[in-house]
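This report covers cysteine pairing, chain interfaces and internal space in one model. The sequence and structure come first.

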Amino acid sequence: MAGFKEFNIRWSMVVDIDKCTGCGACMTACNKENNIAPQEEAKTRLESKGFPTRFKKIEWLTIYELSNGKQGGDHDTAFLPRPCMQCGLPSCVSVCPAIATDKNEEGGIVSQIYPRCFGCRYCMASCPYHARVFNWDQPIFPEGMEKQLTPNVSVRSRGVVEKCNFCHHRMMYAKDAARVAGEDPEKLADGAYMPACAEACPTGAISFGDVKNPEHAVHELIKSPNAFRLLERLGTDPQVYYVSTRDWVRKQGDNYLESEGGVAGGNNGGAHHG
Amino acid sequence: MDRALWPEGVERCSFGKFLLWLGFIGIFLAAGAYEAVMILLPDGLARTALDNYFGFGLWITFDLGIIALGAGAFFTGLLKYILDIKELEKIVNLTVIVGFICYSGAMLVLALDVGQPLRSWFGFWHPNVHSMLTEVMFCISCYLMVLILEFIPNILENRQLNKIPILHNIAHNFHYVMPLIAGLGAFLSTFHQGSLGGMYGVLFARPYILRDGFFIWPWTFFLFVISAVASGPCFSVLVVKFMELITGKELVDFKVKKLMCRIGGTMLALYLFFKFLDTWAWATDVLPRSGLTWDQMFNDALGYGEWLLWAELFLCGVIPAILLLTPRFRNIPGLLYLGAILNCTGIVINRYVFTVQALAIPVMPFDEWYSYTPNWAEWGPSIMIIAYGFLILSLAYRYLPVFPQETQLNPISAPAAPAPVEPQDVEGEPETA
Amino acid sequence: MNRRTFLTFSAGATAGLMITPIPWKLTDDASIWTQNWQWNPKVPKRAIYFAEMASKLDPSGSGVKIAVVNGNAVGVAGNVDHPLGKGAVSTMAAAEVGLLHSPARVRQPMLKTQTGFKTISWEEAETILTGKLTEARGDVAMVSGDDTGSANEIFAALVNGLHGSYYMMPGETQSAHKALELMGSEGRIAYDIENADYVLFLGADALESSGTSVRNARVFSETHPTGKAATAKYVYAGPVMNNTAVVCDQWIQAKPGAAATVALGLSRILMENGASADAKGFASFKQDVAQGYAPAHVERETGVRADVLQKIARELAAAKRPLVIAGSEFGQGAGARALMASLGLNMLLGQMGQSVKIVPGAPAVVKGSGSESERYAADVVPFLKGVAEGRVNASVLMVYDANPAYGLPQAEAMARAMDKAAFTVSFSSFMDETAERANLIMPNSMTAERYDDLYTPYGAGCATYSVNKPLVKSAFNTRTIADVMLSVASRLGMDLGYASFKDVLKAKSVALGASWGSLRQGKAWTSASTSGAKLNLAVCATPAVGAFAQGSLALAPVVKHHLGTATIAMPPHSAGTVRTSELDGVQSVVQMNAKTARMSGVKAGETVKLVGPGGEMTAKVHVSEKVMTGVVAASLGFGHTAWDGFSKGVGENAFKLLAAADDPETGLSVWSANRVTIATA
């Protein structure tokens with residue numbers, strides 16, 4: 001197993017679940033920013049050939065719908081957007097046979113190198129968050145839409161794995177902007193670097209920054225007793241934190257035995273989309 | 001028509017019949033090859049039923065299964081060449097061929113399974129020393145080369161090829177170095193069989209397959225090696241028996257079969273001892289510390305029920321161990337083969353649950369169970385590999401001296417006997433099967 | 001050969017193979033080929049320039065920045081300086097770029113012939129339209145869905161000059177105009193949500209699809225800072241836990257269309273406790289409310305329990321800056337009553353001129369265009385119903401920035417109206433359901449490709465004005481319809497006083513007292529001025545039209561912008577966001593809670609048929625406690641029969657179920673309280 005990786009900067013996302021409406025603006029922004037081909041076109045293509053289409057969609061940010069499982073007036077719902085956790089101890093990095101994914105850059109973003117990946121999908125088997133998706137088919141851009149590719153992210157070919165990278169290109173732009181302004185690129189101001197999803201969210205549910213920098217809002221946000229991370233017990237050390245004032249939401253961040261205050265029978269399953 | 005190519009002193013069916021047989025195999029080869037080509041060229045893996053939840057599916061199960069079952073090659077080789085158990089020389093050629101088929105078949109399926117086959121060599125050029133899969137890639141590739149080296153002398157012993165002096169000498173020299181090659185093969189095999197298990201055991205984010213271990217090796221590393229050597233010899237015996245049924249000849253005498261199965265049974269018992277311990281440790285430590293319970297690991301409605309585990313451990317574990325270890329049962333051919341079949345089935349179940357069930361189980365509390373059923377795009381190439389195995393074995397059986405005992409067990413009556421001879425009683429009861 | 005020779009030979013062969021270039025060249029080439037297959041699109045390698053734009057596709061009027069590379073619009077970023085955008089990028093704002101190359105875009109003018117559409121030139125199209133308009137004098141009707149643009153003035157001036165009739169699509173803007181008119185005023189309603197410490201949404205899906213939803217969501221974000229105590233309480237009353245309710249501090253279950261009744265019930269409690277409003281008609285309002293809106297009555301009618309109503313009234317009264325925003329749960333069909341009732345409630349809370357302001361309407365700059373109120377006066381639904389049934393003549397029917405054949409109640413009848421009208425003209429940028437039925441399509445350029453403006457969407461905080469200029473060259477042979485219609489007007493012999501739409505916008509900015517230079521740079525103009533109009537409360541309490549149709553279940557249509565709007569189908573990049581609780585494969589999914597399912601005799605996953613007063617649809621049942629008992633929720637946005645592969649043939653159009661009932665008192669038909677029957681299909 002790879003050792004625990006520690007950097008001076010730790011880019012982290014803090015998602016306030018109590019503010020997520022499930023509107024999908026983050027997913028839409030992510031899809032456009034990262035040159036992801038329109039997925040409905042992809043699905044139609046597979047259907048027309050008679051291939052199974054379940055879970056073949058490319059999406060880096062998935063919104064899960066959580067429920068407290070109660071009925072009537074006590075029922076409550078929450079939405080949970082899930083990008084790549086950029087784990088401090090990634091289960092994917094240690095297993096990639098070609099080092100196509102690594103955690104070796106200041107800031108801690110787990111990279112995914114498309115020209116290196118040969119599509120063995122071992123990393124997908126190891127990730128419990130389902131953050132990684134595979135290009136089962138060629139990306140299909142309807143005629144004219146390829147004119148709208150951003151310069152930010154290369155278009156991936158069939159047969160490679162891809163995942164959220166916290167809009168790494170935006171970090172590069174922010175660092176360049178800092179250099180041009182004569183500032184320290186290793187000490188970006190709060191908000192100078194924001195992934196597309198965090199920027200788009202109308203209700204401001206997604207905060208982003210360096211948790212090791214006291215000038216960044218997320219530095220304090222993660223100290224809240226209402227902050228939690230998904231599946232912390234497994235030891236992945238995610239860099240995505242969630243905040244909720246609701247007890248039942250926090251309890252669904254990890255697996256708990258009944259004796260630990262968990263629900264009898266364990267997880268109650270949530271509604272998955274797509 | 002091709003009688004000149006047959007080994008000394010054996011009879012084979014007519015060439016026409018053989019071509020028909022090859023044609024029959026060819027149907028399955030072609031059907032699978034069509035799917036493979038469609039995947040490699042126009043359609044990609046989108047053609048399959050694999051998806052983002054089930055990145056591993058039938059092919060990985062199939063690969064792990066046939067690699068485990070092909071372990072008869074290295075283990076028999078180890079026992080024959082290093083530990084010098086002479087009896088095994090009667091079957092070692094066959095185990096090498098089975099091993100060759102299993103490993104080359106697995107490599108072919110893997111080339112299909114990865115998204116970018118042209119980049120497969122990146123695993124060698126940019127190896128990740130922390131990854132079990134890197135280890136697997138290196139060792140399987142090297143071991144396949146070893147198997148080829150072990151197979152070559154058998155090929156060169158084809159009656160016609162053997163007449164060529166240089167080839168005869170090469171074959172002869174190979175036999176000299178065979179213990180070295182066998183030892184190398186055993187070393188490589190132990191590691192990659194283990195690493196295949198290690199691949200699962202290190203996934204600390206998948207509590208179903210996560211295991212603690214010794215230093216960098218999770219317990220699954222050792223369990224996979226032992227289960228492979230438990231099932232490998234038995235599989236080789238089953239292959240021989242199947243060939244005997246098809247050809248109507250006795251190829252290996254029952255004593256050797258019993259010996260192989262006894263070896264398998266012994267290793268199976270050893271495996272089960274550790275497997276029970278491991279399962280208990282997993283259930284009482286790994287699961288609870290991940291916040292999960294035993295019941296959460298199974299889903300009967302989707303086909304991932306507890307019954308699979310009990311089938312693996314008891315029906316296909318304890319029972320075949322008893323059958324294969326108890327001389328009384330082992331002497332009954334039917335029970336011997338039943339034991340071997342159950343043994344191999346149990347190992348395949350193990351590979352299946354580690355690959356597919358592991359991915360079906362949700363880890364995030366708000367995630368769900370999903371089931372996976374392979375489609376024809378996946379079955380086709382798998383059946384193609386099985387047909388490929390039939391092809392290799394058919395060619396090897398027809399043209400190569402695979403079975404040293406064949407002539408002795410299947411005497412060919414000489415044409416036009418000079419005078420009628422009184423039938424004589426044979427002393428003792430020959431052991432036939 | 002002996003062993004030594006053999007080994008030497010083997011070693012030599014291996015070494016020899018390694019030093020030939022063959023394996024190295026092949027592997028190197030293989031890795032380069034696999035990165036550069038020519039069928040994978042390459043990304044551009046140029047600088048990204050950002051330019052401000054106010055979104056016309058997003059009903060909330062959010063201002064964003066369009067990222068342009070090599071003259072192509074490639075992305076949408078937030079604009080923190082825009083008062084209605086505040087840095088966010090909603091799904092519909094993102095669609096401004098996402099739809100530019102949509103396969104559904106109409107690429108040039110098209111004329112319908114016996115054998116289908118044939119492409120024609122703009123010259124021909126203008127000639128044909130001019131000809132038809134000349135023939136049809138008086139029998140000309142135009143329907144516009146653009147609630148914020150000055151283009152309406154040009155169109156209205158032209159239509160008025162031909163003595164035709166002008167219709168605005170129903171929605172919150174029309175309801176607001178009607179409400180103000182009935183209350184003796186005019187202008188636009190503005191909500192100061194920024195400074196409110198208690199916000200009650202009655203039906204209005206204000207954080208997702210109602211009013212300035214993006215701005216509202218940003219204010220929600222600011223008043224509910226992560227990790228700190230909230231500085232305002234947001235309460236949503238409605239039948240479904242929609243995207244607004246799911247984050248509000250409290251969700252009160254209230255039947256569909258109950259907004260007016262709840263508002264009046266709250267007013268009654270406040271007045272009982274001494275609240276009053278310094279306004280005309282207060283006495284009559286107080287009497288009407290006292291008579292008709294006792295808590296028990298409200299509970300029966302709306303499902304809101306009396307004790308809950310009392311508690312909300314107490315919280316409203318105790319708040320320093322309460323704000324009540326009422327409307328239809330799905331942005332149309334509530335008529336004027338919900339709004340009037342909420343204005344009455346806001347007045348009782350002393351919030352007129354505080355949380356709620358009336359701001360002046362946009363000054364008219366085109367001669368003959370009439371006033372905004374005049375343009376919003378007529379009700380398009382009965383008009384189109386009349387056309388569909390052959391009772392009303394429409395020689396020329398023009399449709400701008402709207403899709404009446406899809407997004408109106410009795411959608412199938414509305415679609416028929418397009419066929420029945422003698423000559424239908426669609427100005428849509430897309431081959432939508434209306435365009436498909438049109439005789440002539442003259443495609444409008446998209447927002448980033450044309451000049452346009454945006455004045456104070458319903459619910460903005462104050463008078464707000466943005467001007468858009470073309471940021472990219474038109475992707476196809478499309479034009480700015482406002483300019484085209486100026487040309488058509490002059491062909492008809494009318495002098496509207498402007499050579500181009502850009503001049504109209506300049507004149508508008510002058511009339512507003514805004515800086516044209518600043519507007520052109522993408523800065524938004526705002527003004528704190530309000531109209532000092534006094535509202536007459538007398539009309540606010542007249543009883544609402546009852547629920548339409550029989551049926552065991554109340555229908556709650558739900559709008560989520562990731563599925564598109566009534567005008568725009570689901571944008572390509574949002575298609576992946578559809579949830580299995582909304583759509584199963586290509587089958588629509590309706591939601592109801594467990595109790596409702598039991599009552600209706602249906603089970604989760606079963607296919608059912610819903611029959612409403614306007615039509616029927618089949619769907620699968622999804623059991624969810626996010627829906628009130630006795631209510632079935634259906635997502636709007638599916639069931640397109642036109643557009644493109646992303647939305648065509650997927651699910652069913654729930655607008656079909658709805659039917660409008662007349663409300664002679666307000667002059668606006670209503671359809672926000674429809675009922676449906678349910679049976680297994």
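## Cysteines, interfaces and a cavity

The model is a predicted one, and the count of disulfides over all chains is zero. Two cysteines of chain A illustrate this result. A:Cys84 takes part in no disulfide, and the nearest cysteine sulfur, which belongs to A:Cys164, is 5.6 Å away. With the cut-off for a disulfide set at 2.5 Å between sulfur atoms, that distance of 5.6 Å does not qualify. A:Cys84 has a relative accessibility of 8%, so the residue counts as buried. A:Cys167 is likewise in no disulfide; here the nearest cysteine sulfur is that of A:Cys197, at 6.3 Å. A:Cys167 also counts as buried, because its relative accessibility is 7%.

Chain A has an interface with chain B and another with chain C. The table sets out the two.

| Interface | Residues in contact | Buried area | Share on carbon and sulfur | Salt bridges |
|---|---|---|---|---|
| Chain B and chain A | chain B: 62 residues; chain A: 68 residues | about 5500 Å² | 58% | three salt bridges |
| Chain A and chain C | chain A: 64 residues; chain C: 60 residues | about 5000 Å² | 56% | three salt bridges |

Which residues of chain B lose the most area to chain A? They are B:Asn52, B:Phe204 and B:Phe366, which together account for 16% of what the chain B side buries. Among the three salt bridges found across the interface of chain B and chain A is the pair B:Asp43 and A:Lys49, whose closest N and O atoms are 3.2 Å apart.

Three salt bridges are also found across the interface of chain A and chain C. One of the salt bridges between these chains joins the side chains of C:Lys626 and A:Glu65, with an N to O distance of 2.8 Å.

The remaining topic is enclosed space. Rolling a probe the size of a water molecule over the atoms shows where empty space is left. The largest cavity has a volume of about 750 Å³. Its lining consists of 39 residues. Those nearest the centre of the largest cavity are C:Pro59, C:Gly145, C:Asp147, C:Thr565 and C:Thr567. How many residues of each class line the largest cavity? The lining has 18 polar, 14 nonpolar and seven charged residues.

Methods
Residues numbered from 1 in each chain as written. Chains lettered and ligands numbered in written order. Predicted model: local features only at pLDDT ≥ 70, side-chain atom pairs only at ≥ 80, totals over all residues. Heavy atoms only, no water. Buried < 20%, exposed > 50% of the residue type's maximum accessible area, 1.4 Å probe, protein only. 1 Å grid on protein atoms, 1.4 Å probe; cavity = no way out; pocket = protein on both sides within 12 Å on 5 of 7 lines; lining within 4 Å. Points joined across faces, edges and corners; volume = space filled by probe spheres on them. Nonpolar A, V, L, I, M, F, W, Y, C, P; charged D, E, K, R; others polar. Contact = heavy atoms within 4.5 Å. Buried area = accessible area lost by both parts, 1.4 Å probe. Salt bridge = Lys/Arg side-chain N within 4 Å of Asp/Glu carboxyl O.
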